[in-house]
Amino acid sequence: MGRDVPALVFTRDDRRQFRNRLHTCLEVFARMLRESRFDFERPQVGLEIELNLVDGAAEPAMRSTDVLEAIADPSWASELGRFNLEINIAPRQLTSGGPDSWEQEIRDALNHAEEKAAAIGAHLVIIGILPTLELKDVGLASLSDNPRYHLLNEQIFSARGEDLLISVEGVERLRTYADTITPEAACTSTQFHLQVSPDEFADHWNAAQAIAGVQVALAANSPFLFGKELWRETRIPLFEQATDTRPHEIKVQGVRPRVWFGERWITTVFDLFEENARYFPALLPLCDDEDPQETLERGGTPGLAELTLHNGTIYRWNRPVYAVVDGVPHLRVENRVLPAGPTVADVLSNGAFYYGLVRALVEEDRPVWSRMSFSAAEDNLHAAARHGIDAQLYWPGMGEVPATELVLRRLLPLAHRGLERMGMDAAWREPLLGIIEQRCVNGRNGAVWQSEMFHHLHDIAHMDRHQALRRMTHQYIDFMHLNAPAHTWPVD
């Protein structure tokens, strides 16, 4: 989904050709896996952060095109909504450059972009869902200029045949309909990439799935949507609903959703791409000129364009990625469960916990996914999204336990061990994982602070609802720029 697409109408022949070419890509991919044609000797990590744009009053600013022109940096890109941007941080080895280099690189890039945006009256916010966003802000007029999003919008509603129902029951209840996919733009996330070898991909993906609920509990940062206080990480149910191509009758038949946790542990990366082809019709049946079989026979590396495009329209919380860099293919796990923010310090502590814990779980003699049902991992994700850091989660050998107890007693030591195995010394590990530890000790993350600050302003200071959300967002932005972790933020 990273490439631009033309505005066009798809024919039945387009869909037939795309299906045939997708299966050809699968056959070529299977051969490449057998012949070990992948780069994994010096694995790298990567990071994408989606951001919101606001004006001086902390209201959504539909200025993405203007801000991108002002930033003029290819590492920045448009997102689904006019009030969104995304930055792609250059891949690196996790331990390169010293303890502070990655954080400084990210902060420098964000500060530069903020300076350029501020010059034209816009500001950047790293937050899961912008609290001041209202339903009127997510119509067709707020859909990004990029043609691929308009085409995707048309295809989803063509498949669905009716408006989208968005229904979330949490602290309050939201039930509304949308006639575009733009509500999805409310979901801004942090995406961690981890390059792995084909032989180790399944173990890394399974480990990432097993801890998805833990990640969300620790990092929840999206308690408000359209003025309502809902789940601690409302991004999860919103994203599941805002791109759903299934009308009600199709859902009850058991057809799988395109925002998908999955339904089983895997044994090879091929399982995931094969499921994509087997279960999901193409949304964007665009065929590439390359013949992947011919490219492979010549000794080249095929782009597998149809396979990667189709994969980009199936929104797994841990997505497999096939990519080619400098003529060499590689595989990545793209971890997509976490919201953006609240600070760069929080983002990197989340990353350290994820990378370290996955490494440790992969190296265990008896893998956690052999002792835990897949449905338990999915239940953990939704429990964590609903209750955040106060969630009760299941873990083998512990049963149902508070998320904070699970992390402090069992998972944080594993994350330390995993990072040590990846070559990260204590001087780097301790500050990063120390943020995770203090979140658990204090029971506070971005979602807790947002809720408490809103109620302080609304219930005690007697501001009206939107004024309280706006004032809270202003305060959030101030603390975000200080880069103090969210568990330290005061409420006053």
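Two strands count as paired if DSSP finds at least two bridges between them. Keep that in mind for the hairpin. One caution before we start: this is a predicted model.

So, the hairpin. Strand β5 covers residues 164-169, and six bridges join β5 to β6. The two strands run antiparallel. Three residues sit between them, and together they form a hairpin. If you want one pair to look for, take L164: its bridge partner in β6 is A178.

Now look along β6 itself, residues 173-178. Which side chains point to the buried face? They are L174, T176 and A178. R173, R175 and Y177 point to the other face, and these three are not buried. The side chains alternate along the strand.

Stay at the hairpin for one more contact. E172 lies in the loop between β5 and β6. R465 forms a salt bridge with E172, and the closest N and O atoms are 2.8 Å apart. R465 belongs to helix α17, residues 465-482. The two partners are 293 residues apart, so this pair links distant parts of the chain. Are these partners buried or exposed? Neither label fits. Buried means under 20% relative accessible area, and exposed means over 50%. R465 has 29%, so R465 is partly exposed. E172 has 23%, so E172 is partly exposed too.

On to other salt bridges. How many does the structure hold? The total is 32. Two more are worth a look. R232 pairs with E229, with the closest N and O atoms 3.4 Å apart. R232 and E229 are both buried. R246 pairs with D244, and there the closest N and O atoms are 2.9 Å apart. Again, both R246 and D244 are buried. There is also a network: R31, E35, R37 and E297 are joined by salt bridges that share partners.

Next, helix α1. It takes in residues 12-35, which makes 24 residues. From first C-alpha to last, α1 reaches 35 Å. The expected figure at 1.5 Å a residue is 34 Å, so the two are close. Which residues of α1 are buried? The list is F18, L22, C25, L26, V28, F29, A30, M32 and L33. What do they pack against? Four helices' worth of names and two strands' worth: α5, α9, α10 and α11, then β12 and β13. Right after α1 comes S36, and its phi is positive, near 55°.

Now a helix pair. Two packed helices are described by the angle between their axes and the distance between the axes. Take α6, residues 212-219, and α14, residues 403-421. They pack at an angle of about 115°, and their axes are 10 Å apart. The crossing is left-handed. Which residues meet there? From α6, you have V214, A217 and L218. From α14, you have A403, L406, V407 and L411.

Last stop: D271, in helix α9. Is D271 buried or exposed? Its relative accessible area is 11%, so D271 is buried. Leaving out residues up to four places away in sequence, D271 touches R264 and I266. Then compare D271 with A202. They are 69 residues apart in sequence. In space, C-alpha to C-alpha, they are 9.0 Å apart.

That is the tour.

How values were computed:
Residues numbered from 1 in each chain as written. Predicted model: local features only at pLDDT ≥ 70, side-chain atom pairs only at ≥ 80, totals over all residues. Heavy atoms only, no water. Buried < 20%, exposed > 50% of the residue type's maximum accessible area, 1.4 Å probe, protein only. Salt bridge = Lys/Arg side-chain N within 4 Å of Asp/Glu carboxyl O. Contact = heavy atoms within 4.5 Å. Axes fitted to C-alpha atoms, helices over the stretch in contact; angles between N-to-C directions. Left-handed = near helix turned anticlockwise from the far one by under 90°.
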